[in-house]
Amino acid sequence: MNRQPQTSRSGKVFVFVAISVPALFGIVGLVFDTGLIMADKENLQHAADAAATAAAMDLLENKTNAAATATAASYLQTLNGFSDAQVTTNIPPASGPYAGRSGFVEVIATRQHSNVIIQIVGAALQMPITARAVAGFSASTVGSAVVVLDPTPNALSIDSSSLSLPALPSYPALIGGLNVPGLGAVEVNGAVLVNTTWGGVDQNGKAAGTGSGPPWGIACTSALPLTQLKAVDIRVVGGVDDQSNYASYTQGQTSPLRANALSVQDPFDQLPAPCLASDPVNVSTTDYGGVQVVQLPLLPPKVFNPGVYDWIEIDLGNVVFNPGIYIIRSINPATQIALNMLGGTVTANGVLFYITNSTSYDAATGAPDSGDGDTRPGDPGMSAIVPSVVINAALPGTSFSPLATGSSPFGGMLIYQRRQDYRPIIVVYQSLLGSAAFQGAVYAKWGHFLFAGDGTLNMSIVAGTARLVPVLGLTIQPTSLLAPAYDVYLFE
């Protein structure tokens, strides 16, 4: 009589288990597959983030939208292994808070996730998962005043045998893409951006760049403890010699130094060669040959007009350059210098000096310089290089100001050297000596710019390498800053 209830209970348990197993199996499958779905979606999101960031980097480097779209697909499908994903790239974004904004990329990735367990209880075999990311670039510094472009400069020393300028130091080989030796501080009311990859330390004293230096990305070698580089922002791809040599332009603020940074673009990358085609107002094709001025100061001034010159040398006398563009396409056979202003009183206001090493330069079309592109010229293989330009702007009454035509692509520029010309440009300026003035932008993409002097100058510099030699104190304070540095950020 006691066995019958036990048999009955066993049957009920069996029925309960038989009914519950599929439900339990479904719950386990749901938990398991949900975890896989979440992991798969997270991985897809990481891939979309990487794809959007890489595509935005292409835009920052001035690549086409098509190239950025191809980069996004490659990063998602190939480099991150989602070969079956459908990739939609919108430049600019088609939705969200950055819709329609240039410089931003939207990447939408969709793929089918295959369920493993839950399909056994009737769930779909596959389900779509989607990830979306938006990346773009924005300014990470204030506008720039000094830009050094050459990542790995050639060896350089300057042949000073034909120079007799005051306030110039010796000419050792480069020890930094940007070098600040001297007897005081260089202060820059703007950003200092240096692409040189040479090593050293970062803002925390940790290793940065390629090697330990010298040479360094930026070198601040002082003869006095007061010698420093101060700026609103200081950004270098490589490292510096000593982080304590770099300080904020505004007293009391934290160090503006950032090492191991991304390189920056040439702010004048799209600037054409000066010619009738690019600036018919300020360019003249009149050929004046080579000109030397040696005359008594009491005589009427020698007047120059815009045009094409083989070389210009001013040793003594009063000289006036009428406004416009001066194309200098060769060198003085005696000094090997293209533009040489060692003495006299020079008034050159509203002018641009274009220096080229192409003796066949065509002022009508800009050929061959117009086809230079961004490729750096090869190492000249010379132990010492003769400068292309030497200007003594320290003499009282001397005045230099840039081209002032608002419609010209060269407005605000004083010296522009052909991109494929590596020769140094040397300028000496002394505000203490009187009413001298020197202002404007100097551009020598792969050349070297050496400036020695003091005072506050409305000047900006873009060069392959640069050496700024302060005499007591030098402030660079352009009224119009150049482009800032940009970095890529993930926004959504």
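**Stop 1: the largest pocket**

Select helix H1 (3-60) and strand S4 (144-148): each of them supplies at least two residues of the lining of the largest pocket. You are looking at a predicted model, so keep that in mind at every stop. The space in this pocket comes to about 300 Å³. Its lining has 19 residues, and the ones closest to the centre are Leu60, Asn62, Gln265, Ala483 and Tyr486. Try colouring the lining by class: 12 residues are nonpolar, 5 are polar and 2 are charged.

Now click on Asn62, one of the residues closest to the pocket's centre. Asn62 lies in the loop between H1 and helix H2 (65-79). Is Asn62 buried or exposed? Asn62 has a relative accessible area of 53%, so it counts as exposed. Check its backbone too: phi is positive, at about 65°, although Asn62 is not a glycine. Most residues other than glycine have a negative phi.

For another example, go to Asn260, in the loop between strand S12 (257-258) and strand S13 (287-294). Asn260 also is not a glycine, and its phi is positive, about 55°. With a relative accessible area of 47%, Asn260 is partly exposed.

**Stop 2: the whole chain**

Zoom out and show the cartoon. The protein chain has 2 helices and 27 strands. Of its 492 residues, 50% count as buried. Among contacts with a separation of 6 or more, 66% are between residues 24 or more positions apart.

**Stop 3: an enclosed space**

Next, look for a cavity. The count comes to 1 cavity of 30 Å³ or more. About 130 Å³ of space lies in the largest cavity. To find it, select Asp150, Asn154, Leu156, Tyr422 and Trp446, which lie nearest its centre among the 16 lining residues. Which strand gives the most to this lining? Strand S25 does, with 3 residues. Select S25 (440-457) together with S26 (459-476), since each supplies at least two residues of the lining. By class, the lining has 9 nonpolar, 5 polar and 2 charged residues.

**Stop 4: the nonpolar cores**

In soluble globular proteins, nonpolar side chains tend to be buried together. Here, the largest nonpolar core has 62 residues. Select Leu229, Phe321, Phe353, Phe400, Phe438 and Phe451, the residues with the most contacts inside this core. S26 gives the largest share of the core, 7 residues. Another core lies apart from it, with 26 residues, including Leu193, Ala273, Ala363 and Phe410.

Return to the largest core and centre on Phe438. Setting aside neighbours within four places in sequence, Phe438 is in contact with Ala393, Phe400, Leu414, Val427, Tyr429, Phe451, Leu457 and Met459.

Then move to Ile218, in strand S9 (residues 216-219). Ile218 counts as buried because its relative accessibility is 0%. Beyond its neighbours within four places in sequence, its contacts include Leu178, Val194, Leu229 and Tyr246. Draw a distance between the C-alpha atoms of Ile218 and Leu229: they are 9.7 Å apart, with their positions 11 residues apart along the chain.

**Stop 5: rings in pairs**

Show the aromatic side chains. The structure holds 20 aromatic pairs. For one of them, select Tyr326 and Phe353: the ring centres are 5.7 Å apart and the planes meet at 40°, so this pair is tilted. Tyr326 is in strand S17 (residues 324-328) and Phe353 is in strand S19 (residues 345-355), so the pair links distant parts of the chain, 27 residues apart. Both residues are buried. For a cluster linked by ring pairs, select Phe268, Tyr354, Tyr361, Phe410, Tyr416 and Tyr443.

**Stop 6: a loop and two cis bonds**

Select Ser360, in the loop between S19 and strand S20 (389-392). Ser360 counts as exposed because its relative accessibility is 53%. Aside from neighbours within four places in sequence, Ser360 is in contact with Ala367 and Pro368.

Those two contact partners deserve a click as well. The peptide bond joining Ala367 and Pro368 is cis, with omega about 0°. Pro368 lies in the loop between S19 and S20. Most peptide bonds are trans. Finish at another cis bond, from Ile91 to Pro92, where omega is near 0°. Pro92 sits in the loop between strand S1 (86-90) and strand S2 (104-114).

Definitions and conventions
Residues are numbered from 1 along each chain as its sequence is written. This is a predicted model: local features need pLDDT of at least 70, side-chain atom pairs count only at pLDDT 80 or more; totals for chains, interfaces and linings use all residues. Side-chain values use heavy atoms; hydrogens and water are left out. On a 1 Å grid over the protein atoms alone, a cavity is a set of points where a 1.4 Å probe fits but cannot get out, and a pocket is an open set with protein on both sides within 12 Å along at least five of seven lines; lining residues have an atom within 4 Å of a point. Grid points are joined across faces, edges and corners, and a volume is the space filled by probe spheres set on the points. Helices (H or I, at least four residues) and strands (E, at least two) are DSSP runs, numbered from the N terminus. Ala, Val, Leu, Ile, Met, Phe, Trp, Tyr, Cys and Pro count as nonpolar, Asp, Glu, Lys and Arg as charged, and the others, Gly among them, as polar. A nonpolar core is a set of buried Ala, Val, Leu, Ile, Met, Phe, Trp, Tyr and Cys residues joined through side-chain atoms within 4.5 Å. Buried means under 20% relative accessible area, exposed over 50%, partly exposed in between (1.4 Å probe, protein chains only). Contact means heavy atoms within 4.5 Å. Rings of Phe, Tyr and Trp (its six-membered ring) pair if their centres lie within 6.5 Å; planes under 30 degrees apart count as stacked, over 60 as edge-to-face and the rest as tilted.
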